[in-house]
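Subject: Structure handover

Hi,

Here is the structure I promised to pass on. Please open it next to this email, as my notes follow the chain from element to element.

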Amino acid sequence: MRVVDIKTPASGEAEKNRWQNLPLLTRHDEVKFVLCDENDYQWARQILQQHQLSQKCEVLFSPAHGTLNATQLAEWVLRDHLPVRMQLQLHKLLWNNAAGH
């Protein structure tokens, strides 16, 4: 199983995405987006549809801890009927960026 992290524009790292890996995804893999704002959400929704990601593997949308409200993200996902799972950044909730975690 592989977990592919797709960097969003607000992360400042979107240019590091390796789009050539997307056709290699299988049902055993996951794609994860950590979203910072509504622009990231709209961008991720476009990538989801453009690459038909939910038909290839599990897709996870996570709100960036302390940046995007999880309830707001859930409302957008429900409104748009996206075939994604929401995931909270558990390590941030448990340790709040404590050193060593």
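How many bridges join E1 to E2? The count is 4, and the two strands run parallel. Before going further, please note that this is a predicted model.

**The sheet**

Let me start with the strands. Four of them, in the order E1-E2-E3-E4, make an open sheet with parallel pairing. E1 and E4 are the edge strands, each pairing on one side only. As background, strands of a sheet pair through backbone hydrogen bonds, either parallel or antiparallel.

You can check the register residue by residue. Between E1 and E2, Val-3 has Glu-30 as its bridge partner. Val-4 stands opposite Val-31 in E2. E2 and E3 also pair in the parallel sense, over 6 bridges. Here Leu-35 is partnered by Pro-63 of E3. On the other side, E3 is joined to E4, residues 85-86, by 2 bridges, and these strands run parallel. Leu-60 faces Arg-85 of E4 in that pairing.

**The core**

Next, the nonpolar interior. The largest nonpolar core holds 22 residues, and Ile-6, Phe-33, Leu-53 and Phe-61 touch the most other members. At least two residues each come from strand E1 (3-6), strand E2 (30-35), helix H1 (38-50), strand E3 (58-63) and helix H3 (70-80). H1 gives the largest share, 5 residues.

Phe-33 is a good residue to click on. Setting aside neighbours within four places in sequence, Phe-33 is in contact with Ile-6, Thr-8, Trp-43, Ala-44, Ile-47, Leu-53, Val-59, Leu-60, Phe-61 and Ser-62. Three of the residues that touch the most other core members, Ile-6, Leu-53 and Phe-61, are thus on the contact list of Phe-33.

**E3 and Ser-62**

How much of E3 is buried? The strand is mostly covered, with 5 of its 6 residues buried. Ser-62 lies in this strand. Ser-62 counts as buried because its relative accessible area is 1%, and the cut-off for buried is under 20%. Not counting residues up to four places away in sequence, Ser-62 touches Phe-33, Val-34, Leu-35, Leu-73, Gln-87 and Gln-89. Leu-94 is 32 residues from Ser-62 along the chain, and their C-alpha atoms are separated by 15 Å.

**The pocket**

Which residues line the largest pocket? They are Asp-5, Ile-6, Lys-7, Thr-8, Ser-11, Glu-13, Val-34, Cys-36, Ala-64, His-65, Gln-89 and Lys-92. By class, the lining has 4 nonpolar, 4 polar and 4 charged residues. The volume of this pocket is about 190 Å³. Some of these names have come up before. Ile-6 is in the lining and also among the core residues that touch the most other members. Val-34 and Gln-89 are in the lining, and Ser-62 touches both.

**Two backbone angles to look at**

Two residues that are not glycines have a positive phi. One is Gln-52, with a phi of about 50 degrees. Gln-52 sits in the loop between H1 and helix H2 (53-56). Is Gln-52 buried, partly exposed or exposed? Gln-52 is partly exposed, because its relative accessible area is 46% and exposed needs over 50%.

The other is His-81, with a phi of about 55 degrees. His-81 is in the loop between H3 and E4. His-81 counts as exposed, because its relative accessibility is 68%.

**One more surface position**

Gln-55 is in helix H2. At a relative accessible area of 54%, Gln-55 is exposed. Pro-83 is 28 residues away along the chain, yet the C-alpha atoms of Gln-55 and Pro-83 are separated by 9.1 Å.

**Where to begin**

If time is short, start with E3. E3 pairs with E2 over 6 bridges, and 2 bridges join E3 to E4. Then turn to Phe-33 and its contacts, Ser-62 among them. Finish at the pocket, with Asp-5 and Lys-92 among the lining residues.

Best wishes

Notes
Residues numbered from 1 in each chain as written. Predicted model: local features only at pLDDT ≥ 70, side-chain atom pairs only at ≥ 80, totals over all residues. Heavy atoms only, no water. 1 Å grid on protein atoms, 1.4 Å probe; cavity = no way out; pocket = protein on both sides within 12 Å on 5 of 7 lines; lining within 4 Å. Points joined across faces, edges and corners; volume = space filled by probe spheres on them. Nonpolar A, V, L, I, M, F, W, Y, C, P; charged D, E, K, R; others polar. Core = buried A, V, L, I, M, F, W, Y, C linked by side-chain atoms within 4.5 Å. Buried < 20%, exposed > 50% of the residue type's maximum accessible area, 1.4 Å probe, protein only. Contact = heavy atoms within 4.5 Å. Pairing = 2+ DSSP bridges.
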